[in-house]
Amino acid sequence: MEAQSHRWREPHPIAGVCVAVILAVSYGLTLAPGVTWANDGVDSGDLLTAVATNGVPHPTGYPTYLLLARLFLMLPLGPPAQQQAVLSAVSAIAAALAVGAIVHRLGGGSRWNSALAGALAALWLGWSPRFWSQAVIVEIYSLHLLFCASLWWYAVQHRRPGDTRWGWGDRAAGFIAGLALGNHLTVIFPILVVFGFAVLHRPRVGRLRRLAALLLWAALGVQVYLYLPLVGSASSAASWGDPSSVAGLHWLVTGELYQGMAFTVSPAQLAGRLRMFAAFPLDEFGPVGLAMGLWGLARARADLARLRAAMGVAVLATAAFALGYSSYDAHVYLLPLSMLFAVWVGVGVTDLLARVESRPPLAALTAAALLASAALTVPSAAAAADARGDRRAIEFASRVLREAPAGAILLTSEDRDTFPLWYYHVAQGMRPDLAVVAGPLLPFDWYQANLQEAYPSLRLPASVRSGWDVVLLTRNPGRPFCWTQPGQAEVLRCTAIEATNHSP
């Protein structure tokens, strides 16, 4: 039986409320206005469009996110774009609170000390630059972190030896794991580790039954992907894939389009990433937070050894994937590592507070110093994550739609120009006379079919390997043809036809 000071206890509500309010204010003051390019949030236009049009975003389709985002549309939280940004903020706050609850549950001191350590760990995480950056834009990563935190909460809840029963906790954990897979597939790393921890950290009796319960309910939760054929059947110019067919659904769910990006970084890229990853804890938590995390890892009680080992395995698997994934935003895959490090920051703080709790003045001074150390990271983190004033994507799309000639075909070249135009043209219905064509998607049959349905007058070739712009231009005589140019002073390059102003 665990010592009295390590007893299982409920999180103190006052600490949780304070953390939630502080982070809500922090995120509210830096929340993106909607479509944004800030914080690697280029996908925001795609996600906003999919939710607004009942479409499917880029692979893997993110059905869990779509369903939750549509629920948020029912709340009186302002314009739809702002509602989805609030979903990210709420998910981030909940994930930080879950980390605080984990720290508090691990114990190691009085109830108040554990609650304070949990609150400090939650704030250190919530104020870390990358975590904050994803909390204020329309993206799926804050929700991903909430699912990861929920799974580790389940692992911590089942640390007590001798309990061979399985019940609603296992069912809920399994179902949450399935839903988490419907949001981001990299959650498979914590799922495998947590399930293994929950099963192996039990007496032999009942292991198989517990594992069967977890897997059965996970299989039930992952059926959320069946939502994609329902929304994908109403194809639009901004919907991805053909989820109505088995092959099309498989293409979406497995992320086949991006599989070639896994473990394909060059040696030079790998060296740069290793340097960035090595500095990651210091960049995210500052020197005092780093010291507390390392102290927590080094001085953790003996009964936390298995949990520390399990988290270490998850860290190695996640880091290996992030290192090898050749995407410009691969650093966001390190966020679950940041969350786990925050747990050990909390364990270190708990141990430090336990050492001074018999001397109240010193304990109060120590707690104040730790809070001040966490707060010192806020100005730089807020400046790095602030998306409130980023209107580049909005102004780009507005200019394109305002300056495009009547009836023009707009050929986009990348996500930065495609997704904002999708949101305003497809989701908001601006400039219906135009045809917005995503150049990188033209080789796909499903995209050509969607274009033909969305723009019946648009004439597409039967089969072309390259030179789509020339083919579209020649097959659609009499229509102005423009190339969009994100990041350029001149946002449109059109054929020799004088542009006509059309305000969105």
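The following questions and answers deal with a helix pair and the cavities in a predicted model.

Trainee: How do you know that α1 and α4 meet?

Mentor: Contact means heavy atoms within 4.5 Å. Gly16, Val19, Ala20, Leu23, Ala24 and Tyr27 in α1 meet Ala89, Ala92, Ile93, Ala96 and Leu97 in α4, so by that cut-off the two helices are in contact. Their axes come within 10 Å and cross at roughly 145°, and the crossing is right-handed.

Trainee: What makes one residue of the contact of α1 with α4 polar?

Mentor: The contact divides into 10 nonpolar, 1 polar and no charged residues. Gly is counted among the polar residues, and therefore Gly16 of α1 is the polar one.

Trainee: Why is the space lined by residues such as Tyr141 and His144 called a cavity?

Mentor: A cavity is a set of points where a 1.4 Å probe fits but cannot get out. The structure holds 2 cavities of 30 Å³ or more, and the largest, with a volume of about 80 Å³, has Tyr141 and His144 among its lining residues.

Trainee: Which helix supplies the largest share of that lining?

Mentor: α7 does, with 3 residues. α9 and α15 each supply at least two.

Trainee: What makes Trp152 a lining residue of the second largest cavity?

Mentor: A lining residue has an atom within 4 Å of a cavity point, and Trp152 is on the list, so an atom of Trp152 lies within that cut-off. Cys148 and Met339 are also among the residues lining this cavity, whose volume is about 40 Å³. By class, its lining has 7 nonpolar, 1 polar and no charged residues, and α16 gives the most, with 3 residues.

Terms used
Residues are numbered from 1 along each chain as its sequence is written. This is a predicted model: local features need pLDDT of at least 70, side-chain atom pairs count only at pLDDT 80 or more; totals for chains, interfaces and linings use all residues. Side-chain values use heavy atoms; hydrogens and water are left out. Axes are lines fitted to C-alpha atoms, for helices over the stretch in contact, and angles run from 0 to 180 degrees between N-to-C directions. Helices (H or I, at least four residues) and strands (E, at least two) are DSSP runs, numbered from the N terminus. A crossing is left-handed if the near helix is turned anticlockwise from the far one by less than a right angle, and right-handed if clockwise. On a 1 Å grid over the protein atoms alone, a cavity is a set of points where a 1.4 Å probe fits but cannot get out, and a pocket is an open set with protein on both sides within 12 Å along at least five of seven lines; lining residues have an atom within 4 Å of a point. Grid points are joined across faces, edges and corners, and a volume is the space filled by probe spheres set on the points.
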